[in-house]
Amino acid sequence: MTNSKLEVLTPQNCQMIFIDQQPQMAFGVQSIDRQVLKNNVVGLAKAAKVFNIPTVITTVETESFSGNTFPELLDVFPEHDLLERTSMNSWDDQKVRDALAKNGKKKVVVAGLWTEVCNNTFALCAMLEGGYEIYMVADASGGTSKEAHDYAMQRMIQAGVVPVTWQQVLLEWQRDWAHKETYNEVMDIVKEHSGAYGMGVDYAYTMVHKAPARAKGAHRTLAPVPASK
């Protein structure tokens, strides 16, 4: 018997959903640094864009509570429809179900707020009622405490959700550095969003391969001048 979860994620076999990446939801996040959270969400979004992953963005109570979706996320997908809801569970909104069905991919990569509520209920219902496989991006999601996030992840894992991280997803989609059609764009994402890994890429490009510095504009380096004693 084949196990579809043994299949790696590819640009052809999955879709992406961002759930409630909104400021009021982020205010309550305590399981991850919120600036790191936003960095990871935007890096993941850029990866989805590079690999043409069908992407759904859903929001909850934008005007009355949660605020507008992170502008950095929206800028990755200009003019993309936002699927507004009242329910904490995205699965309860028919627009969301229809969008997922239209994308036609049973593997769904999820990044949302909060892990223990909106992510958890969507994951369980989408698996039970929709037959989807859920890949939960742990470091592009956040809970109201570390315990809330961790135990929600454990509950979902016990139910069959696959835990992943945003950079893992990016590199799984790339898979082979010989895929030159996406190489440069992936490296751009890495340099901007991957912390020490990105710094290392910048260092290798400039110091080892003698590529020009990535900074925009001209920056003069003035030689050392010892101060008089």
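The following questions and answers walk through a predicted model.

Colleague: How are residues numbered, and what pLDDT do local features need?
Modeller: Residues count from 1 along each chain as its sequence is written, and side-chain values use heavy atoms, with hydrogens and water left out. In this predicted model, side-chain atom pairs count only at pLDDT 80 or more, totals for chains, interfaces and linings use all residues, and local features need pLDDT of at least 70.

Colleague: In what order do the strands of the open sheet stand?
Modeller: Strands are DSSP runs (E, at least two residues), and helices are runs of H or I with at least four, numbered from the N terminus. Two strands pair if DSSP finds at least two bridges between them. The open sheet has six strands with parallel pairing, in the order S3-S2-S1-S4-S5-S6.

Colleague: Which strands stand at the edges?
Modeller: Each edge strand has a single partner strand, so one side of each is left without a neighbour in the sheet. They are strand S3 (82–85) and strand S6 (162–164).

Colleague: At what angle does helix H6 run to S5?
Modeller: Axes are lines fitted to C-alpha atoms, for helices over the stretch in contact (heavy atoms within 4.5 Å). Angles run from 0 to 180 degrees between N-to-C directions. Helix H6, residues 115–130, lies across S1, S3, S4 and S5. Its angle to S5 is about 160°.

Colleague: Which element gives the most residues to the largest nonpolar core?
Modeller: A nonpolar core is a set of buried Ala, Val, Leu, Ile, Met, Phe, Trp, Tyr and Cys residues joined through side-chain atoms within 4.5 Å. Here the largest has 40 residues, and those with the most contacts inside it include Phe-18, Leu-44 and Trp-173. Among the elements giving two or more residues are strand S1 (14–19), helix H2 (34–50) and helix H8 (166–174). With eight residues, the top contributor is H2.

Colleague: Is Thr-58 buried or exposed?
Modeller: Buried means under 20% relative accessible area, exposed over 50%, and partly exposed in between (1.4 Å probe, protein chains only). Thr-58 lies in strand S2. Its relative accessible area is 1%, so Thr-58 is buried.

Colleague: Which side chain joins that of Thr-58 in a polar contact of 3.0 Å?
Modeller: A polar contact is a pair of N or O atoms within 3.5 Å; within protein, one must be able to donate a hydrogen and the other to accept it, and residues adjacent in sequence count only if both atoms are side-chain atoms. Along S3, Leu-83 and Arg-85 point to one face and are buried, while Leu-82 and Glu-84 point to the other and are not. The partner of Thr-58 at 3.0 Å is Arg-85.

Colleague: Which residue in strand S4 does Glu-133 tie to by a salt bridge?
Modeller: A salt bridge puts a side-chain nitrogen of Lys or Arg within 4 Å of a carboxyl oxygen of Asp or Glu. Glu-133 is buried at 13% relative accessible area, and its partner is buried at 3%. The two lie in S5 and S4, so they tie together parts that are 26 residues apart in sequence. The partner, at 2.7 Å from N to O, is Lys-107.

Colleague: Which residues does the network of salt bridges that share partners join?
Modeller: The structure holds 10 salt bridges. Some share partners and form one network, made of Glu-7, Lys-107 and Glu-133.
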